[in-house]
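User: I am new to this structure and would like to understand the reasons behind the terms used for it. Could you take me through them step by step?

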Amino acid sequence: MTDWFSTLASGSELSKDAASELREQGFVVIRSAVSSDQMEHLTNAYTVAVASARDEDIHTGTASTRVTDFVNRGSEFDGLYVFPPLLEACCLVIGRAFKLSSFHARTLRSHTSVEGLHVDVRRDSADWPLLGFIWMVDEFRPDNGATRFVPGSHRWPRTPADTMSDLQADHAGQVLACGAAGSLIVFDGSTWHGHSANISNGPRRSLQGAFIPREGLAATDFAARMRPETRARIGLLAKQVLAL
């Protein structure tokens with residue numbers, strides 16, 4: 001693909017309002033990016049993929065369980081990491097050729113506490129700037145652990161760890177990114193964020209990941225993990241994004 005970055009950067013799938021909000025606030029919620037009909041199919045595929053994952057691909061933390069590499073877990077997920085508004089947001093935030101660094105499922109368990117505010121990458125890293133994304137498999141609500149962001153913090157030179165004594169404490173400027181299943185959160189990785197407490201009786205599921213500059217070190221080596229059937233079905237743009 002000739003000069004694929006310039007082609008993406010000149011696109012118009014990311015609305016002007018969404019682009020402005022991403023620039024100014026550090027994040028934006030693209031609501032109902034996947035239709036309710038499509039979400040039923042996607043949710044079923046998510047459930048099957050998580051249930052069939054090998055132990056080495058499952059990582060259980062204090063609040064959530066992650067399953068890595070949703071590039072190779074079925075065609076149902078192929079369109080999510082090459083969603084045109086998402087790739088245009090990468091052009092906006094990263095500003096040069098980029099690649100997918102991670103793409104995984106994350107289930108936030110019920111009755112778990114708030115996550116400490118953090119940034120996804122420090123400014124002195126080869127992986128900066130980073131563009132993060134979260135697909136809502138379930139509705140994100142104030143009671144089930146919706147992600148909290150501090151608007152405008154992507155422009156601040158210091159991180160939460162540099163300035164806050166209690167990273168789990170509420171920040172005066174924080175807002176919750178809520179939305180229906182099928183909505184997409186896109187955010188600058190320098191924006192202060194973390195999930196809120198899930199005080200509900202059910203889990204809150206998502207598909208999430210990040211893009212980094214082409215020269216950065218990806219969290220997942222997609223080339224090494226690439227299954228023949230995946231390579232055969234994905235298009236040229238996906239191969240560019242995966243740095244294959």
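Analyst: Gladly; please keep in mind that this is a predicted model. Of the 244 residues of the protein, 52% count as buried, a word reserved for residues under 20% relative accessible area.

User: Why is S12 called exposed?

Analyst: The relative accessible area of S12 is 65%, and exposed means over 50%, so S12 meets the definition of an exposed residue. S12 lies in the loop between α1 (4–9) and α2, and its C-alpha atom is separated by 32 Å from that of V67, which is 55 residues apart from S12 along the chain.

User: What makes the protein as compact as a globular protein of its length?

Analyst: The protein has 8 helices and 10 strands. Its radius of gyration is 17 Å, and the globule rule gives 18 Å for 244 residues; because the two values are close, the protein is as compact as a globular protein of that length. Its C-alpha atoms fill a box of roughly 50 × 40 × 30 Å along the principal axes.

User: How do you know that α2 and α4 meet, and which residues are involved?

Analyst: Contact means heavy atoms within 4.5 Å, and on that basis A19, L22 and R23 in α2 meet A89, L92 and V93 in α4. By class, this contact has 5 nonpolar, no polar and 1 charged residues. The axes of α2 (residues 16–25) and α4 (residues 84–94) come within 11 Å and cross at roughly 35 degrees, and the crossing is right-handed.

Notes:
Residues numbered from 1 in each chain as written. Predicted model: local features only at pLDDT ≥ 70, side-chain atom pairs only at ≥ 80, totals over all residues. Heavy atoms only, no water. Axes fitted to C-alpha atoms, helices over the stretch in contact; angles between N-to-C directions. Helix = DSSP H or I, 4+ residues; strand = E, 2+ residues; numbered from the N terminus. Left-handed = near helix turned anticlockwise from the far one by under 90°. Nonpolar A, V, L, I, M, F, W, Y, C, P; charged D, E, K, R; others polar. Buried < 20%, exposed > 50% of the residue type's maximum accessible area, 1.4 Å probe, protein only. Rg over C-alpha atoms; globule rule 2.2 N^0.38 Å.
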